Amino acid sequence: MIKISIPTRDITITERKQIPKENEPIIKDIHGFIDFHLIPRDKGGIFLLFNKEDELLFVGKARKLRQRIKKHFEDAVSPIKTHRDEVHKIDICIVEDPMEREIYETYIINKLRSKYNVDKVFY
């Protein structure tokens, strides 16, 4: 039997609004998130989107994490387009190997019963 475990979360960002301070530039938020700069541009991995109750909403994978996650919040064809306002927290796991990303994504979707992933569901 193959043993798989959920990879360690490397980065977590949560929904928050910027409280502007004097002489500080205002960061435009994307659906309440202003910390996208913490997500690496050139790394691949898995991302998990959670609501305020810490319920897993969606799991995805990407070769370039920051661009892919931002696309989910801006794109008209994203599977979460009607649920963007539910997302409160994003966990990111850096996983460079494409095959490992595929395995982890499928495993997490089924182990944690992601709410809005419709493909790769075996439960």
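Mentor: Let us start with helix H2, which lies across E2 and E3 and runs at about 170° to E3. Please keep in mind that we are looking at a predicted model. Another helix, H1, lies across E2, E3 and E4, and the angle it makes with E2 is about 30°.

Trainee: What makes E1, E4, E2 and E3 a sheet, and in which sense are they paired?

Mentor: Two strands count as paired if at least two bridges are found between them, and we can go through the neighbours in turn. E1 and strand E4, residues 89-94, are joined in the antiparallel sense over four bridges. E2 and E4 pair, again in the antiparallel sense, over six bridges. E2 and E3 run antiparallel as well, and six bridges join them. Each of these values meets the cut-off of at least two bridges, so each pair qualifies. The outcome is an open sheet of four strands in the order E1-E4-E2-E3 with antiparallel pairing.

Trainee: Why are E1 and E3 said to stand at the edges?

Mentor: E1 and E3 each have a single partner strand, so one side of each is left without a neighbour in the sheet. As for how the strands are set against each other, neighbouring strands of this sheet are turned by 15° on average, with direction ignored.

Trainee: Which residues are bridge partners between E1 and E4?

Mentor: Thr 12 has Asp 91 in E4 as its bridge partner, and Thr 14 is matched with Lys 89 of E4. On the E2 side, the bridge partner of Ile 46 in E4 is Cys 93. Phe 47 can be followed in two directions, for this residue stands opposite Ile 92 in E4 and also opposite Gly 60 in E3.

Trainee: How do you know whether E2 is enclosed or open to the outside?

Mentor: A residue is called buried when its relative accessible area is under 20%. Six of the six residues of E2 are buried, so E2 is largely enclosed by the rest of the structure. In a regular strand the side chains alternate between the two faces of the sheet. For E2 we can name both sides: Gly 45, Phe 47 and Leu 49 are buried on one, and Ile 46, Leu 48 and Phe 50 are buried on the other. E4 is mostly covered too, with five of its six residues buried.

Trainee: Why is Arg 41 called exposed or buried, and where does this residue lie?

Mentor: The word exposed is kept for values over 50%. Arg 41 has a relative accessibility of 53%, and therefore counts as exposed. Its place is in the loop between strand E1, residues 11-14, and strand E2, residues 45-50. Beyond its neighbours within four places in sequence, Arg 41 is in contact with Lys 64, Leu 65, Arg 66 and Gln 67.

Trainee: What makes Asp 54 stand out, and into which class of exposure does it fall?

Mentor: The phi of Asp 54 is near 65°, which is a positive value in a residue other than glycine. Asp 54 belongs to the hairpin of E2 and E3, which has five residues between the strands. Its relative accessibility of 47% is not under 20% and not over 50%, so Asp 54 counts as partly exposed. Arg 113, in the segment after H2, also has a positive phi, of about 55°, although it is not a glycine. Because its relative accessible area is 52%, Arg 113 is exposed.

Trainee: What is the volume of the largest pocket, and which residues are closest to its centre?

Mentor: Rolling a probe the size of a water molecule over the atoms shows where empty space is left. The largest pocket has a volume of about 200 Å³. Of the 15 residues that line this pocket, Phe 58, Val 59, Pro 79, Glu 105 and Asn 117 are the closest to its centre. Strand E3 (56-62), helix H1 (65-74) and helix H2 (98-111) are the elements giving two or more residues to the lining.

Trainee: Which element gives the largest share of that lining, and how do its residues divide by character?

Mentor: E3 gives the largest share, with four residues. By character, the residues of the lining divide into seven nonpolar, three polar and five charged.

Conventions:
Residues numbered from 1 in each chain as written. Predicted model: local features only at pLDDT ≥ 70, side-chain atom pairs only at ≥ 80, totals over all residues. Heavy atoms only, no water. Buried < 20%, exposed > 50% of the residue type's maximum accessible area, 1.4 Å probe, protein only. Contact = heavy atoms within 4.5 Å. 1 Å grid on protein atoms, 1.4 Å probe; cavity = no way out; pocket = protein on both sides within 12 Å on 5 of 7 lines; lining within 4 Å. Points joined across faces, edges and corners; volume = space filled by probe spheres on them. Nonpolar A, V, L, I, M, F, W, Y, C, P; charged D, E, K, R; others polar. Axes fitted to C-alpha atoms, helices over the stretch in contact; angles between N-to-C directions.
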